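Here are a few exercises to work through with the coordinates open beside you. Try each task before reading its solution.

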Amino acid sequence: MKKSIAILASFMCILVLALSGCGSSSSSGGKNTTITIWATNINVPLLKKAAATYKKDHPNFNVKVVEMANDDIRSKFTTGLQAQGQGLPDAALLVDDGINGYLEKFPNAFVNISSKGFEKKYAKDFPKYKLDSVTYKGDLYALPFDAGPVGLFYRQDIFEKAGVDPNSIKTWDDYIEAGKTIKAKTGVDMLSYDNTDITVYTILLSQQGLGYFDKNGNANLGTSESIKAGQLLQDMANNKILLGASGWNAWVSSLQNSKTATAIAGAWLVGTLEQQMPKLSGKWRVMNLPAFEEGGSRSANQGGSSFVISKSSKNIDATYNFLKYFTTNYNAQELAMKGGLFPSYLPVYKSSLFTQPEKYFGNQKVWTFFSGEMKKIPSVLYTANDAVGRDEAINMQAEIVRGKDVKTSVNAAKKRVENHVQ
């Protein structure tokens, strides 16, 4: 009797497996799997569209995307990690410069992506600087997504009016001389920047391959590279070609109202210009950053984000497989590009989206320019203390622009940072 029951039970299990997968989460059948991803606004529709396509081959797979601001994601993630992972999503889109900081404070926060085979198979498809930005102790802990290759945006009409050839600008010294000519002949400042933020200074460090700390935890604010960046800002201020704008809106207005001949920003500025300044169509162009020395680096990065998978997730494999698809699928990355983001997935740069001329930029192939920058960008180390470094750099920047001795200012900032993080 017991043997008959056992045989019947085995038969029933086989039948259930055949009909429903017996608890399997395979793409051909089985229970439904829903993962949750936290992401910022512009990414939400892209993830939803990609999930709809992915679902065609994985009918039991669903994605719930929760829209949050970057600051809210950081705050809620910190709270969740302090509570041993409670309340965290399966995955989140985090800004690259914060990922290593999380891992320093919470070593078991995220899934090791290298252990899933991602690095071995896909490392060749992403620029080195991007992979380095999400690597901790030799392993990858996030799936790379969008990037912020930097360009020097300039007003072609203002340059022409002043008789300045942009091709003659090779170094920052050339840039200052061009700025002096433009100011004298047109009355327009050479560079506008947000003086409540540290964006330009950070870019100038990135151009030289530095973040705010080195691998030994020492603050980089007192380095020769930091001094060069500070001296450049002071030289522009002394020559009265630097325009400080108080906040994002004021900075955008300075571009909109033709108060500046150039802007230093990531590729995302293309969308800002086209959407908010349509009347300036045909007047803007983009080129490489000037070098600090002849033949030096003319490339940098601003921003960028990647997907982390929570170690506490109950759907690690399903989450990884979807995000692997999203970050390495040609069509999905074309979708990201159309949605206003700049992918870091190198194969997608062959798309016609990256080779077509942009009418707004006088038919310049701006996306070809930015995609060409991706392999030139120096790697930068991010740490848990970067926020402290940036805060002190804002104060330092203000001092330098007002005329304080650059070396004195950066060394004082370095000491304040190191006292704070000890």
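The exercises below concern a predicted model, and each one comes with a worked solution.

**Exercise 1. Get an overview of the fold.**
Find how many helices and strands the protein has, and what its C-alpha trace spans along the principal axes.

*Solution.*
- Step 1: Start with the secondary structure: the protein has 17 helices and eleven strands.
- Step 2: Turn to the extent: the C-alpha trace spans about 100 × 50 × 35 Å along its principal axes.
- Step 3: Add burial: of the 422 residues, 50% are buried.
- Step 4: Take the contacts between residues at least 6 apart in sequence; 76% of these join residues at least 24 apart.

**Exercise 2. Examine the surroundings of Asp90.**
Work out where Asp90 sits, and which partners its side chain has.

*Solution.*
- Step 1: Locate the residue: Asp90 lies in the loop that links α3 (70-82) to β3 (91-95).
- Step 2: Look for a charged partner. Asp90 is buried, and the nearest side chain of opposite charge is Lys314, 9.3 Å away. A salt bridge needs the nitrogen and the carboxyl oxygen within 4 Å, and Asp90 has none.
- Step 3: Look for polar partners instead. The Asp90 side chain reaches the backbone nitrogen of Thr36 at 2.8 Å, and it makes a polar contact with the side chain of Ser313 at 2.6 Å.
- Step 4: Widen the view to residues more than four places away in sequence: Asp90 touches, among others, Thr34, Ile35, Val308, Ile309 and Thr319.

**Exercise 3. Find the cavity.**
How many cavities of 30 Å³ or more are there, and which residues line the largest cavity?

*Solution.*
- Step 1: Count: there is one cavity of 30 Å³ or more.
- Step 2: Give its volume: the largest cavity has about 70 Å³.
- Step 3: List the lining, which includes Asp96, Tyr129, Ser133, Ser206, Asn301, Gly303 and Tyr382.
- Step 4: Map the lining to elements: α6 (128-133) and β11 (301-309) each supply at least two of these residues.

**Exercise 4. Assess a helix.**
Is helix α15 (residues 366-373) mostly covered or mostly uncovered, and what covers its buried residues?

*Solution.*
- Step 1: Count the buried positions: six of the eight residues of α15 are buried, so by the under 20% relative accessible area criterion the helix is mostly covered.
- Step 2: Name them: Val366, Trp367, Phe369, Phe370, Ser371 and Glu373.
- Step 3: Identify the cover, which includes β6 (143-155), α12 (269-276), β10 (284-287) and α14 (330-338).

Definitions and conventions: Residues are numbered from 1 along each chain as its sequence is written. This is a predicted model: local features need pLDDT of at least 70, side-chain atom pairs count only at pLDDT 80 or more; totals for chains, interfaces and linings use all residues. Side-chain values use heavy atoms; hydrogens and water are left out. Helices (H or I, at least four residues) and strands (E, at least two) are DSSP runs, numbered from the N terminus. Buried means under 20% relative accessible area, exposed over 50%, partly exposed in between (1.4 Å probe, protein chains only). Lys and Arg count as positive and Asp and Glu as negative; His and the chain ends are not counted. A polar contact is a pair of N or O atoms within 3.5 Å; within protein, one must be able to donate a hydrogen and the other to accept it, and residues adjacent in sequence count only if both atoms are side-chain atoms. Contact means heavy atoms within 4.5 Å. On a 1 Å grid over the protein atoms alone, a cavity is a set of points where a 1.4 Å probe fits but cannot get out, and a pocket is an open set with protein on both sides within 12 Å along at least five of seven lines; lining residues have an atom within 4 Å of a point. Grid points are joined across faces, edges and corners, and a volume is the space filled by probe spheres set on the points.
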